[in-house]
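Biologist: Please take a close look at one part of this model for me: the sheets and the side-chain links. Begin with the terms I need.

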Amino acid sequence: MCGIAGLLTAAGGASDRLERLARAMTRSLAHRGPDDGGVWVDAAAGIAFGHRRLAIVDLSSQGHQPMVSDDGRYILTMNGEIYNFLVLANELESAGAAPRWRGHSDTEVLLAAISRWGLAETLERAVGMFAFALWDRAERALHLVRDRMGEKPLYYGLIGGELVFGSELKSLALHAEWSGEIDRAALGDYVRYAYVPAPRSIYRGIGKLPGGTRLRITAADVAARRIPEPVAYWSLERVAQAARTGPTDAHEATEELAALLRQSVAQQTIVDVPFGAFLSGGVDSSTVVAVMQSQIMKPVRTFSIGFSEVDYNEADYARGVARHLGTDHTQLYVSPHEAQSVITRLPAIFDEPFADSSQIPTYLVARMAKEHVTVSLSGDAGDELFAGYARYPEAIARFEALGRFPEPVRRWASLLASRIPLPVLDAALLNRASPWRHRVDIADRIRERALVNSSRSFAEYYHLLRCHFKTTASLVRGAGKRSTIPDDVSAWPAGMDRLQHMMFVDMCHYMPDDILVKVDRSAMAVSLETRVPLLDPDVVELAWSIPSATHRKDGRGKWVLRRILAQHVPTELIDRPKKGFSVPVARWLRSELRPWAEELLRRDRLEAEGLLDAGMIQRLWDQHLAGGTDWSYHLWNVLMFQAWLGQTSKDKAA
């Protein structure tokens with residue numbers, strides 16, 4: 001796990017300038033790689049690479065980057081790990097194509113593989129999480145590449161007539177001609193989803209390379225101020241549509257998945273540093289830890305945090321699982337004050353507006369784990385791959401219930417609700433005879449529900465359910481209506497049942513743009529590498545071959561994962577309602593966080609910034625404080641944007 005940065009100019013450049021900028025960009029990423037740093041420059045070609053290293057495999061100087069291939073043709077700067085590098089090294093040696101190894105890093109093996117097989121074939125063979133830049137001296141071309149699921153970040157764009165890239169936006173912002181203009185359409189996306197979905201970033205002209213794609217760009221492209229479209233070398237859609245008919249028998253599916261998980265965990269624990277795992281006590285993390293402990297002779301280091309609020313505390317469950325498996329467990333109870341103290345750091349950590357409040361406990365558990373290990377495995381992706389979310393059956397049931405009403409009736413009701421002025425609707429609902437007189441927000445809720453219920457298809461229905469703000473044109477000034485990938489329901493693949501459709505959407509968007517961002521930024525802020533065994537490509541392919549009826553049995557999801565876990569842990573330790581990994585934001589906003597929130601939501605501040613509708617936000621804030629309902633999801637989106645905007649203003653002033 002590391003940080004990368006660099007740039008490509010159109011017609012060469014002064015060596016000292018290229019080196020200075022590359023070094024400055026690299027220094028801004030020191031938290032991602034505190035162990036080593038390096039810069040490589042070819043002034044004649046106008047290319048500069050920077051790298052910060054968190055040493056995981058081959059701790060010697062032989063793992064230093066940027067790294068030049070043995071034949072001198074390729075230069076690589078990489079963030080991430082190639083998990084099957086030993087397999088690739090053996091294949092190269094068997095073919096007589098291995099160089100004289102200088103060390104034993106996965107980076108050196110990746111370069112040798114590219115020299116032997118070319119980039120396209122190497123990407124088909126390589127298993128890992130990575131984002132890298134590769135300079136081809138022979139073709140004078142820059143290749144930017146991101147792993148299949150998008151575990152590692154990579155931003156890029158044209159700034160001042162140069163192609164600039166980096167692991168985080170803060171490195172790009174160091175360019176002398178950086179403008180930092182907010183993309184209002186991207187801001188509209190953000191308030192819908194609580195994150196900015198790829199391929200956009202919050203800044204106009206700066207994008208995220210989508211997972212499973214590669215981009216080839218030359219100096220001629222830069223001179224013409226054009227960036228070619230990324231090319232997909234892997235896609236979940238192809239995996240889902242080409243999936244073989246999987247095992248309908250739960251025993252067969254369990255055996256296949258258990259074998260693949262053992263292989264994935266074995267590859268991901270090939271490290272030269274201390275390692276462990278996050279353990280929440282839920283099905284996903286407990287399964288990963290159980291498989292780890294079954295393959296490792298000494299107790300696995302496991303980590304969890306607890307909260308004093310009973311409704312948000314799973315630490316006791318994690319401790320029970322750890323005791324049964326015999327792990328070396330570390331647990332920390334966090335006070336509300338400690339958790340809240342993290343909030344002011346979030347804008348700098350995430351570098352882009354991000355409003356999944358579980359970012360707070362994720363950062364806290366990563367910080368604790370870093371005191372003991374350098375690598376931690378996690379159980380992420382279990383809900384998306386194995387149908388674990390409670391919202392899946394709920395969405396299907398609700399949409400089927402709507403089918404009792406003709407679509408024209410539902411759309412007419414939605415139109416009517418949208419046309420009635422809110423003061424009129426409020427007045428009618430607040431009549432003394434109304435049972436809703438204490439629900440001061442009911443007019444807003446009626447409008448939102450009417451919009452969702454007017455959906456023409458299940459795809460549209462689930463999309464609207466996923467959105468915090470159902471419409472954003474009135475909230476974000478100048479956002480307009482530009483289609484994003486999650487919005488474009490017509491582009492979603494056909495031939496899936498409703499459960500598969502929801503899993504597919506979440507794997508393509510929610511997983512890489514929310515879950516993986518949350519884990520990457522939280523962990524890298526404290527120089528901790530995280531790995532996700534459930535995202536191994538073979539595991540993903542098997543998951544998509546399992547029929548929906550096998551995923552969910554007896555009203556519960558993750559049936560196959562549960563069967564694997566039952567081989568290691570008594571079911572009574574696991575069978576309980578899912579709490580999730582969250583904090584009581586709704587209550588905090590009405591109490592301890594109220595002064596902080598009110599400063600960010602000041603009407604004069606919002607109006608001066610000119611980005612968000614101050615009246616609408618004030619309405620939601622007043623309703624939330626009144627206690628009639630919980631608008632915390634909506635407000636947290638706004639607050640995290642406001643906090644981020646304030647941080648960027650401070651950075652510019654500095």
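Modeller: A residue is buried under 20% relative accessible area, exposed over 50%, and partly exposed in between. Keep in mind that this is a predicted model.

Take the cysteines with that scale. Cys-508 has 26% relative accessibility, so it counts as partly exposed. Cys-467 is at 2%, so it is buried. A disulfide is a covalent bond between the sulfur atoms of two cysteines. The structure holds 0 of them.

Now the sheets. Strands of a sheet pair through backbone hydrogen bonds, either parallel or antiparallel. One open sheet has 6 strands with antiparallel pairing, in the order S2-S3-S1-S9-S8-S10. Its edges are strand S2 (36-42) and strand S10 (206-208). Each has a single partner strand, so one side of each is left without a neighbour in the sheet. On average, neighbouring strands here are turned by 10° against each other, direction ignored. Look at S1 and S3 within this sheet. Strand S1 covers residues 2-8, strand S3 covers residues 47-53, and 7 bridges join them. They run antiparallel. In that pairing, Leu-8 stands opposite Ile-47 in S3. Helix H1 (residues 15-27) packs on the sheet. H1 touches S1, S2, S3 and strand S9 (162-166). The direction of H1 makes about 150° with that of S2.

Turn to an open sheet with the order S4-S5-S6-S7-S11-S12, again 6 strands with antiparallel pairing. Strand S4 (67-68) and strand S12 (231-232) stand at its edges. Each pairs with a single strand, so one side of each has no neighbour in the sheet. Strand S7 (residues 141-146) and strand S11 (residues 213-218) run antiparallel, joined by 5 bridges. His-143 stands opposite Arg-216 in S11. Helix H3 (residues 106-125) packs on this sheet. H3 touches S4, strand S5 (74-82), strand S6 (128-136), S7 and S11. The direction of H3 makes about 105° with that of S5.

Next come the charged side chains. The structure holds 39 salt bridges. One of them joins Asp-189 and Arg-200, with N to O at 2.3 Å. Asp-189 sits in helix H5 (residues 184-193), and Arg-200 in the loop between H5 and S10. The pair links distant parts of the chain, 11 residues apart. Both Asp-189 and Arg-200 are buried.

Asp-328 and Arg-301 form a salt bridge too, with their closest N and O atoms 3.3 Å apart. Asp-328 is in strand S15 (residues 328-334) and Arg-301 in strand S14 (residues 301-307), so the pair ties together parts that are 27 residues apart in sequence. Asp-328 has a relative accessible area of 35%, so it is partly exposed.

Then take Asp-604 and Arg-602. Their salt bridge has its closest N and O atoms 2.9 Å apart. Asp-604 is partly exposed at 47% relative accessible area. Arg-602 is at 32%, so it also counts as partly exposed. Elsewhere, salt bridges with shared partners build one network. Its members are Arg-32, Lys-152, Glu-168, Lys-170, Asp-351, Asp-520 and Arg-521.

Notes: Residues are numbered from 1 along each chain as its sequence is written. This is a predicted model: local features need pLDDT of at least 70, side-chain atom pairs count only at pLDDT 80 or more; totals for chains, interfaces and linings use all residues. Side-chain values use heavy atoms; hydrogens and water are left out. Two strands pair if DSSP finds at least two bridges between them. Helices (H or I, at least four residues) and strands (E, at least two) are DSSP runs, numbered from the N terminus. Contact means heavy atoms within 4.5 Å. Axes are lines fitted to C-alpha atoms, for helices over the stretch in contact, and angles run from 0 to 180 degrees between N-to-C directions. A salt bridge is a side-chain nitrogen of Lys or Arg within 4 Å of a carboxyl oxygen of Asp or Glu. Buried means under 20% relative accessible area, exposed over 50%, partly exposed in between (1.4 Å probe, protein chains only). A disulfide is a pair of cysteine sulfur atoms within 2.5 Å.
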